[in-house]
Amino acid sequence: MDHTSYIEISKSAYRHNIKYLRNIIGKDVRITSVVKGNAYGHGVETIVPLAEKAKIRHFAVFSASEALDVFNVASPKSDIMIMGYLNDEQLAWAIENGIEFYVFDLNRLTKAIELAKKMNKPARLHIEAETGFNRTGFEYDKLPDIVGLMKDNCDHIVFEGLCTHYAGAESISNYYRVMNQIREYRRFVRYFNRHGLKPNYRHTAGSAATLTYNQTIMDMVRVGIAQYGFWPTQETFIYQFKRNHAKDTDLKRVISWKSRVMSIKEVDSGEFVGYGTSYMASKRIKIAIIPVGYANGFSRSLSNMGRVLIRGRRVSVVGTVTMNTISVNITDFPNIQPGDEVVIVGKQSRLDISVASFSEMSSQLNYQTLARLPGNIPRYLVP
Ligand SMILES: *Cc1c(COP(=O)(O)O)cnc(C)c1O
């Protein structure tokens, strides 16, 4: 064992989540599994085959390099969609390999058409509409140019998608902003319709919109966080609870993160633990050293705050989180031994540490905590 911690990915939890989501969105709507950020820390190599077993055949990533990671493990039958960055060289690679990509500026559109002509391979486009998120996306007044180019080059393109992204469907405080975006998106749809262009997929919803704004479901949904078993926010869960009698177990966490006790020592009263003076033993205590630190995704802001599970007990981090270790106070649990399993996220006997509690303690979102899990931690499938 040359790694200091490992991640377990639960097959049954993943299957369960997809089934729950399929129930909500209906049989005829396609799911694209969003696997950017190394599948939200779960590992692209682990999640893509698992999603394919659950009959998902579409994957969404941010960049061309992420698309390549998916391409290397996905079945040739699966489609891959880049929602953000690609340079000209990567654009050629994408077209060559039938990779779909967002288009949100005229430059990318003309370049894509030019390459598609040269390679005699159609470019598979998703036209992104600016509806109020104000990140990427075409403004409505650009539509005549886009439609003109698309019609003139219809042999060289496939109009795969017309899409947009909501600015905060996970909170009711953004209700008017989201409703305006829905209205604005429909104007785009009508414009394309009037000009005889119909996308294969209209898609706008991420997890939160899928779970709270029924009308955003359309032809495809882009599900990220929910497939991994997390409600985008507490509000999203409450909405499903009130409306559809959801239970918080309707989405099941897929990930667990574990390590082992590396060594144990006693510290005298009045001594400090770790760097500086942030923790002083006020009596003789016993600590266990665990080989996971901020270089491994355990945030430094959990110094003197984090908790882990050992032998079914919840124990506290004492002192500062270092680059590669934490120390936990095990004074009250004398039977803890080097080599004992340490649960950082997950269940051990009757106790559980959620990503959310872990995140809140460090003032981070689930998304951020997960995305920060380093790629080199081994991921194992468990039943
Ligand atoms: C990340 C992302 C999603 C998925 O969001 P979740 O909240 O994780 O479901 C969907 N669409 C776009 C454009 C994204 O960037």
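**The ligand and its pocket**

Student: How do you know that a backbone N or O atom of Ile 225 makes a polar contact with the ligand?
Tutor: That backbone atom lies 2.8 Å from an oxygen atom of the ligand, and a polar contact is a pair of N or O atoms within 3.5 Å, so the pair counts. This is a predicted model, where local features need pLDDT of at least 70 and side-chain atom pairs pLDDT 80 or more, while totals for chains, interfaces and linings use all residues. Residues are numbered from 1 along each chain as its sequence is written, and side-chain values use heavy atoms, with hydrogens and water left out.

Student: What makes the side chains of Ser 207 and Tyr 367 count too?
Tutor: An N or O atom in the Ser 207 side chain is 2.5 Å from a ligand oxygen, and one in the Tyr 367 side chain is 2.7 Å from a ligand oxygen. Both pass that cut-off, so both are polar contacts. The protein covers 89% of the 390 Å² of accessible area (Shrake-Rupley, 1.4 Å probe) that the ligand has on its own.

Student: Why is the ligand said to sit in the largest pocket?
Tutor: Sitting there takes more than half of a molecule's atoms within 2 Å of the grid points, and the ligand's space is indeed the largest pocket. The volume of that pocket is about 1300 Å³. Its lining has 48 residues, with Ile 225, Trp 231, Pro 232, Thr 233 and Tyr 367 nearest the centre.

Student: Which element gives the largest share of that lining?
Tutor: That's α11, with four residues.

Notes
A polar contact is a pair of N or O atoms within 3.5 Å; within protein, one must be able to donate a hydrogen and the other to accept it, and residues adjacent in sequence count only if both atoms are side-chain atoms. On a 1 Å grid over the protein atoms alone, a cavity is a set of points where a 1.4 Å probe fits but cannot get out, and a pocket is an open set with protein on both sides within 12 Å along at least five of seven lines; lining residues have an atom within 4 Å of a point. Grid points are joined across faces, edges and corners, and a volume is the space filled by probe spheres set on the points. Helices (H or I, at least four residues) and strands (E, at least two) are DSSP runs, numbered from the N terminus.
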